[in-house]
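Here is a short set of exercises with worked solutions, meant to be followed with the viewer open. Try each task yourself before reading on.

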Amino acid sequence: MADEPKKTTTPPSAGSAVPIPVPVFSGLAVSTHVATRRTITGSYPVPGARTAISGEHIKPTIAEALRETADAVQEAVRELTGQTRVDSRAPVAILTPTAAQIRQADQMVHAQNQAAAQAASSEKVGPAMAGSMLGSPLGSPLGSLPGSAPASQPSGGAPTSGSAGAGTTQGGPPAGSIPPSARPADLVTFKLDGKEVTVKKGTNVLEACLQHGTDVSYFCYHAGLSAPAVCRQCLVEVVGQPKLVPSCFTPAADKMEVVTTSERVRLARQQMLEFTLLNHPVDCPICDKAGECTLQKMFMDWDGTASRIEFEKVHKPKSVDLGPTIVLDAERCILCTRCIRVCDEVAGQHQLEMAWRGDREILVVAPGQVLDNPYSLNTVDVCPVGALTSKDFRFRMRVWELYTVNSVCPGCATGCNIEIHHAQGEVWRLVPRENPEVNKFWMCDEGRFTYKEVRQSRVAGARFGQGRGLPGQIASVEKAVTYAAERLQRVRAAGGTVGLVFSAQAQNEGLYALLRTAELLAGTGTQVVRYLSGRAPRPERQDKILRSADVNPNTLGARLLAGRDARDFATLRADLAAGTLKALWFVGEDVALDEAALPGFLLLLDKLELVIVQAVHATPLTQRAQVLLPAGSWAEVDGTFTNNKGLVQRLRRSVAPAGDARPHQEIVALLAQKAGLTAGQGWQGTPRQAFLHMRAAFNADVPPDAVATSPLRGFIQAEWGREAPPLQLRFAHSRG
């Protein structure tokens, strides 16, 4: 009977004999002509009962139409069977193929594509020809539609397995996979959403997904910490396992098949988000984390639906003082345990833990403890919500108004990589930036507060006079430099010895300019002595994590640029007492002396004919200067520091210099020019030109086969990097 569904039909294809069960429902009008159907991809002809459809016609139809709308699926099934004629004037019922039908159709398409690829390989068909055979068969009804994707590729852009777009060339393996015989023993290959990927053995599935651009939501996972799998937000489907598994806790293995985009996985993510938000207060307008909150981002990415919660939420303590730097809002806490793991695994001190259970569970300090370890503020960084906030930054600035610039922490010789967050001409906070070679994901609390020195006790203008603690005459930088150059020429003419002090607080470019000036002075017959200076070491802050006893950011750079014959600060004091120096030029205002020894040293400076100090901050040394020149701080200039491992790392200017302050390198170059020593050399231009000149000079001095063992290898291998304008945090997505 016409109303009885046909149980099984076989498509009239010479290339395949796989039967595909297709239900044909009653109520369809039948006509003798070929109809035309309109879908969201356009209009195309629907073959009638007598129209022969080959296997090549079926492949693009199944690969494309089954991934379109339900209307397109219906027409694809009709084309595949070749048994039903459609009257374009009559209403059309919706046919929804079963999972078994779609699976069988995909298997047939895969088998036919493999056969075509092997045929192309045996006939030595070129890649372009093979691609046309596999992806664009002649007569394909979808291949000629304007704006449609190639028939062998889904509309989303990801090639299907076995298609030319997946990297198959002459029947070989996909481009993203490695043959097992050629694969190193420390690599594994598995299928991720139908595509073969290769990762290092031991990599968990979540990391593999992130490495290959697959978005998976997560809260408790952090690349620098252990994975406890407590939030259950990163659940994925592994073929063969009955339950969804946490991807952060599941290692990738050979022949594993992982699905992250199925409806089952999406539903689990939405349900876990709803569970996380069950008792979470929606106080985003007053939350410091708003704008960089992971919970906000995940909700908009994976859920975005209205809340179904109509009952009173569980209330927990607000504004809990956990220690000297951090405040807790327990209602916002989602119990991810990241902060606990930071204390345990990074700082090595168990100062936080969870108390109670169920919906009453809260974060508390451990018995007898206070959250005061040297790395406590890293807990604020890793907190995915606004539960932990810094007292220093709390309620001071909205994060989306901040701009970010990459730089290096000046707090000690470790040289942690950081982001400077600034706005309105001020630096508001420093946060760590990932660098596996230096600081991984962390930085110490003391380094975070070095931004406060940028505007404190600044030398904002130049002056010159008698020194000796007496008031000087305020002048422009050019006028003060001219005065210093004239006095320096008098000392040279009288045959006096000039001392040059290389400070470990100054950038490499300024110290390199001072080195070249010393060479020029020595070339004119002037006796030049080089000294090293900087802040006194603090052994009490040394640890085995990141903090160094050397609180200068560029000690190694200053030592290398000053040269092997450079003398320490104790020798400088002895030379002053002996009266062997007539002039002293400081690049940097810090001295490696304690408070008890400082007054005696300053009195020795009063005997000199000339004392030049390039200073960032006002100190007792600047009061004794006969010529005081304002220098830009580390956050106000471009340049480099060399850390205690020999790595030369880039500083980038974030805010404008205070007053008339300039980079050390620019001031040294100007003074050398005014003194008639040189003009127009590369190191006298911008800090970037000085860096390139410095690197070229060291490259010329060190043979290529000696670079690996040379102490100058950091300079030789360093790169200035591209110029990057400040990026507003609302577009950066670098936090949270």
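Among contacts in the chain between residues at least 6 apart in sequence, what percentage join residues at least 24 apart? The value is 65%. Keep in mind throughout that this is a predicted model.

**Exercise 1. Take stock of the chain, then describe its nonpolar cores.**

Step 1. Begin with the inventory: the chain holds 20 helices and 25 strands. Of its 736 residues, 52% are buried.

Step 2. Turn to the largest nonpolar core, which has 58 residues. The members that touch the most other members are F502, L561, W585, I612, V627, L629 and L671.

Step 3. Pick L561 and list its contacts, ignoring neighbours within four places in sequence. You should find F502, N508, L511, Y512, L515, M694, F698 and F715.

Step 4. Look for another core apart from this one: it has 29 residues, including C343, L363, V380 and L388.

**Exercise 2. Work out how many disulfides the structure has, and test two cysteines.**

Step 1. Searching the whole structure gives 0 disulfides.

Step 2. Check C220. Its closest cysteine sulfur belongs to C231 and lies 3.7 Å away. The cut-off is 2.5 Å between sulfur atoms, so the sulfurs of C220 and C231 are too far apart for a bond. C220 is also buried, at a relative accessible area of 2%.

Step 3. Repeat for C343. Here the closest cysteine sulfur is that of C339, at 6.8 Å, which is again too far for a bond. C343 has a relative accessible area of 0%, so this residue counts as buried.

**Exercise 3. Find out which side of helix α6 faces inward, and what packs against it.**

Step 1. Check the geometry. Helix α6 covers residues 263-276, 14 residues in total. From first C-alpha to last, α6 reaches 20 Å, close to the 20 Å expected at 1.5 Å a residue.

Step 2. Collect the buried residues of α6: V265, A268, R269, M272, L273 and T276. They sit on the same side of α6 because they cover an arc of only 135° around the axis.

Step 3. Now look at the face turned away from the buried side; E263 and F275 are the exposed residues it carries.

Step 4. Identify the packing partners. The buried residues of α6 pack against β5 (235-238), β7 (257-259) and α7 (294-302).

**Exercise 4. Reconstruct an open sheet from its strand pairs.**

Step 1. Recall the principle: strands of a sheet pair through backbone hydrogen bonds, either parallel or antiparallel.

Step 2. Start with β13 (residues 403-408) and β14 (residues 417-423). They run antiparallel and are joined by 6 bridges. To fix the register, note that Y403 has H422 in β14 as its bridge partner.

Step 3. Extend on the β14 side. β14 and β15 run antiparallel, with 6 bridges joining them. H421 has R429 in β15 as its bridge partner.

Step 4. Extend on the β13 side. β13 pairs with β25 (residues 727-728) over 2 bridges, in the antiparallel sense. The bridge partner of T404 in β25 is L727.

Step 5. Put the pairs together. The result is an open sheet of 4 strands, ordered β15-β14-β13-β25, with antiparallel pairing. β15 and β25 are at the edges with a single partner strand each, so each has one side without a neighbour in the sheet.

**Exercise 5. Contrast this with β18 and β19.**

Step 1. Determine the sense of pairing. β18 (residues 498-503) and β19 pair in the parallel sense, over 6 bridges. G499 stands opposite V529 in β19.

Step 2. Ask how enclosed β19 is. Of the 6 residues in β19 (residues 528-533), 5 are buried, so β19 is largely enclosed by the rest of the structure.

**Exercise 6. Scan the backbone for a positive phi in residues other than glycine.**

Step 1. One hit is S319, with a phi of about 55°. S319 lies in the loop between α7 and β8 (320-321).

Step 2. Another hit is Q424, whose phi is near 55°. Q424 belongs to the loop between β14 and β15 (426-432).

Step 3. Is Q424 buried or exposed? With a relative accessible area of 66%, Q424 is exposed.

How values were computed:
Residues numbered from 1 in each chain as written. Predicted model: local features only at pLDDT ≥ 70, side-chain atom pairs only at ≥ 80, totals over all residues. Heavy atoms only, no water. Core = buried A, V, L, I, M, F, W, Y, C linked by side-chain atoms within 4.5 Å. Buried < 20%, exposed > 50% of the residue type's maximum accessible area, 1.4 Å probe, protein only. Contact = heavy atoms within 4.5 Å. Expected span 1.5 Å × (residues − 1). Arc of directions from axis to C-beta. Pairing = 2+ DSSP bridges.
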